[in-house]
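Let's take a friendly walk through a protein model together. Keep the picture open beside the text and look for each residue as it comes up.

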Amino acid sequence: MLSDIEIAQNAEVYPITQIAASLGIAPEDIEPYGHDKAKLSEALYQKTAQQPDGKLILVTAINPTPAGEGKTTVSVGLADALHQLEKKVVLALREPSLGPVFGIKGGAAGGGYAQVVPMEDINLHFTGDMHAITSANNLLCAMLDNHMQQGNALRIDQRRVMLKRVLDMNDRALRNIVIGLGGKVDGIPRSDGFQITVASEVMAILCLAFDLADLKERLGKILVAYDLDGNPVYAKDLGAHGAMTALLKDALKPNLVQTLEHTPALIHGGPFANIAHGCNSLRATKLALKLGDYCVTEAGFGSDLGAEKFFDIKCRYGGLHPDCVVLVATVRALKYNGGVPKSALTEENLEALRKGILNLQVHIENMKKYGVPVVVAINRFESDTGAELAFVKAFCEGLGAEVALTEVFAKGGAGGLELVEKVCQSIEKKPSQFHVLYDTSLSIPEKVEYIAREIYRADGVTFTAQAQKALAQIEELGGGSLPVCVAKTQYSLSDDPTKLGRPSNFTITVRDLTLSNGAGFVVVLTGNIMTMPGLPKAPAALRIDCDNEGHITGLF
């Protein structure tokens with residue numbers, strides 16, 4: 001079989017004007033970026049405002065493993081399958097970050113014959129959204145340091161600067177740095193650090209903003225520092241939010257592309273789910289619901305992270321009402337959760353499957369807590385045996401969840417027809433009774449405790465001294481009634497990445513909290529989670545190349 005990039009490079013790609021026309025979008029409402037991608041105009045939101053919403057399908061997964069689950073691939077394949085059945089469907093996905101692209105995880109454009117194209121553009125610079133977010137964040141940082149250099153009228157305490165610079169690349173050497181070294185004209189020396197762009201509050205704000213006015217207001221609310229008296233200093237106090245909005249005005253517009261089977265796709269925003277809220281932009285999802293009878297979207301990593309935040313943050317703020325959850329799992333990943341090493345996953349092992357499938361059970365039970373029908377998608381691999389597939393199917397049905405085999409990686413939309421049938425039946429037979437998990441009137445510790453017990457199945461939560469101090473500050477600033485965004489390892493239901501399957505007898509340790517005042521949530525940092533990843537020993541960048549004709553190779 002061809003590699004992902006070879007499949008994408010050999011694909012027939014329709015002009016983006018043709019894709020837009022299939023959704024009834026007029027030429028004046030698209031802003032082409034070349035022949036195969038475009039941004040959608042602000043005017044389109046007004047034109048579609050009175051149209052009814054389509055059905056919202058969320059694709060999530062079990063905890064990720066080195067064996068792979070294929071959540072984005074299934075999302076693309078599901079949309080293509082709906083398209084094959086002549087359903088009016090729009091796919092809504094996140095933009096990939098360059099960190100994983102050149103690191104270890106890979107891109108976020110799907111795989112095999114279930115991909116969005118142009119694959120190379122989407123995984124690299126695309127329409128420049130990531131660069132705009134990076135620039136807006138770093139402009140705020142530059143204005144903050146310049147303010148302190150130019151007399152510090154706001155009396156900012158350089159020891160209590162909350163804002164970090166960002167870079168859309170994995171670079172562990174930038175986690176903790178010292179800036180302002182040199183002479184007097186080179187700035188004020190202080191400790192600083194970088195986050196990856198997708199972990200920034202600016203990214204979260206872009207993905208939750210309703211329009212330009214809301215974007216500017218949210219940017220102005222970013223907590224940047226405290227003054228010498230302990231009072232908060234916000235971006236609006238520095239006068240930075242207007243210029244930041246100017247940098248982000250085009251980035252706020254969703255990007256239109258297509259799948260290999262010419263299904264329309266909106267790809268916009270890209271926060272990580274383990275350190276941010278993990279969903280594509282609210283604007284893209286809401287527009288997709290107006291343009292199609294079905295919107296297929298995904299949330300990052302396992303349902304304990306991406307789906308929980310999709311429901312409790314994005315749906316809460318956006319007034320979204322999901323109609324179905326598709327939970328992706330693989331036999332290989334379940335056996336890995338049952339203790340089988342990656343090298344032996346192709347061998348039949350029902351005993352390991354029985355142990356590992358408890359991870360899937362937790363995710364099914366958790367999704368049902370939100371009142372939304374659940375369909376399990378078994379992403380089939382060639383090594384899966386009949387006995388293993390039958391066991392998983394019977395187990396899921398025993399929990400009251402529909403289940404379908406998918407082969408979209410090898411067959412595209414045709415490999416997702418069984419999944420489409422189960423999804424459509426679930427939507428028709430079991431109308432969604434969606435509700436969020438917790439009430440924001442609960443205190444921050446109560447909200448964290450509720451998520452830890454109900455979603456992670458922890459025995460409780462421990463707050464370190466640093467976390468308790470940060471909690472008191474956040475409550476004093478009025479952040480106690482906000483939703484919480486838990487930053488946690490994606491590999492385990494616990495905060496320890498080595499605890500696979502369904503861990504028990506554990507507590508969650510909260511080591512710090514930060515206020516994302518503009519985004520509208522409190523980030524709860526657990527375990528050893530990092531907001532600036534590092535590269536592996538042999539990063540994917542070593543395999544990526546470009547010849548003299550501009551032909552890219554090695555990009556998956």
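## Two residues with positive phi

In this predicted model, N505 is exposed, with a relative accessible area of 69%. That value counts as exposed because the cut-off is over 50%. You can find N505 in the loop between β21 (484–487) and β22. Look at its backbone too: N505 is not a glycine, yet its phi is positive, about 55°.

H262 also has a positive phi, near 70°, and is a residue other than glycine. It sits in the loop between β14 (255–259) and β15 (264–267). Is H262 buried or exposed? H262 has a relative accessible area of 15%, so it counts as buried, the cut-off for that word being under 20%.

## A cis peptide bond and a loop

Next, trace the backbone from V117 to P118, where the peptide bond is cis, with omega near 5°. P118 belongs to the loop between β6 (114–117) and α6 (119–123).

Another loop to visit is the one between β23 (521–526) and β24 (545–546), which holds I544. Along the chain, I544 and G554 are ten residues apart, while in space their C-alpha atoms are separated by 4.3 Å. Leaving aside neighbours within four places in sequence, I544 is in contact with V101, F102, I552, T553, G554 and L555.

## The nonpolar cores

Now turn to the nonpolar cores. The largest one has 81 residues, and F311, L360, V392 and L513 are those with the most contacts inside it. Take F311 as your guide: beyond its neighbours within four places in sequence, F311 is in contact with L58, R316, P322, V325, M367, Y370, F434 and V436. There is also a second, separate core of 49 residues, and L140, V198, I205 and A240 are among its members.

## Two buried helix residues

T72 is part of helix α4 (residues 71–84). Its relative accessibility is 15%, so T72 counts as buried. What does T72 touch, not counting residues up to four places away in sequence? Its partners are L93, A108, A109, G110 and E298.

For another helix, find α7 (residues 129–149), where D129 has its place. With a relative accessible area of 1%, D129 is buried. Not counting residues up to four places away in sequence, D129 touches K39, E95, D250, A251, N255 and H268.

## Cysteines without a bond

How many disulfides does the structure hold? The count is zero. C324, for example, is in no disulfide, and the nearest cysteine sulfur, that of C424, is 8.8 Å away. A disulfide needs the two sulfur atoms within 2.5 Å, so a pair at a greater distance does not count. C324 is also buried, at a relative accessible area of 0%.

Why does C485 have no bond to C279? The closest cysteine sulfur to that of C485 is in C279, and it is 8.9 Å away, which is too far for a bond. C485 counts as buried as well, with 0% relative accessibility.

## A pocket and a cavity

Let's finish with the empty spaces. The second largest pocket has a volume of about 1300 Å³. It is lined by 45 residues, and M162, K164, Q195, D512 and T514 lie nearest its centre. Which element gives the largest share of this lining? Strand β22 (residues 507–516) does, with six residues. Sorted by class, the lining of the second largest pocket has 23 nonpolar, twelve polar and ten charged residues.

As for closed spaces, one cavity of 30 Å³ or more is counted. The largest cavity has a volume of about 60 Å³. Its lining is made by E95, P96, L98, I122, L124, H125, F126, M130, H131 and D168. By class, six residues of this lining are nonpolar, two are polar and two are charged. You have met E95 before: this residue lines the largest cavity, and D129 touches it.

Terms used: Residues are numbered from 1 along each chain as its sequence is written. This is a predicted model: local features need pLDDT of at least 70, side-chain atom pairs count only at pLDDT 80 or more; totals for chains, interfaces and linings use all residues. Side-chain values use heavy atoms; hydrogens and water are left out. A nonpolar core is a set of buried Ala, Val, Leu, Ile, Met, Phe, Trp, Tyr and Cys residues joined through side-chain atoms within 4.5 Å. Buried means under 20% relative accessible area, exposed over 50%, partly exposed in between (1.4 Å probe, protein chains only). Contact means heavy atoms within 4.5 Å. Helices (H or I, at least four residues) and strands (E, at least two) are DSSP runs, numbered from the N terminus. On a 1 Å grid over the protein atoms alone, a cavity is a set of points where a 1.4 Å probe fits but cannot get out, and a pocket is an open set with protein on both sides within 12 Å along at least five of seven lines; lining residues have an atom within 4 Å of a point. Grid points are joined across faces, edges and corners, and a volume is the space filled by probe spheres set on the points. Ala, Val, Leu, Ile, Met, Phe, Trp, Tyr, Cys and Pro count as nonpolar, Asp, Glu, Lys and Arg as charged, and the others, Gly among them, as polar.
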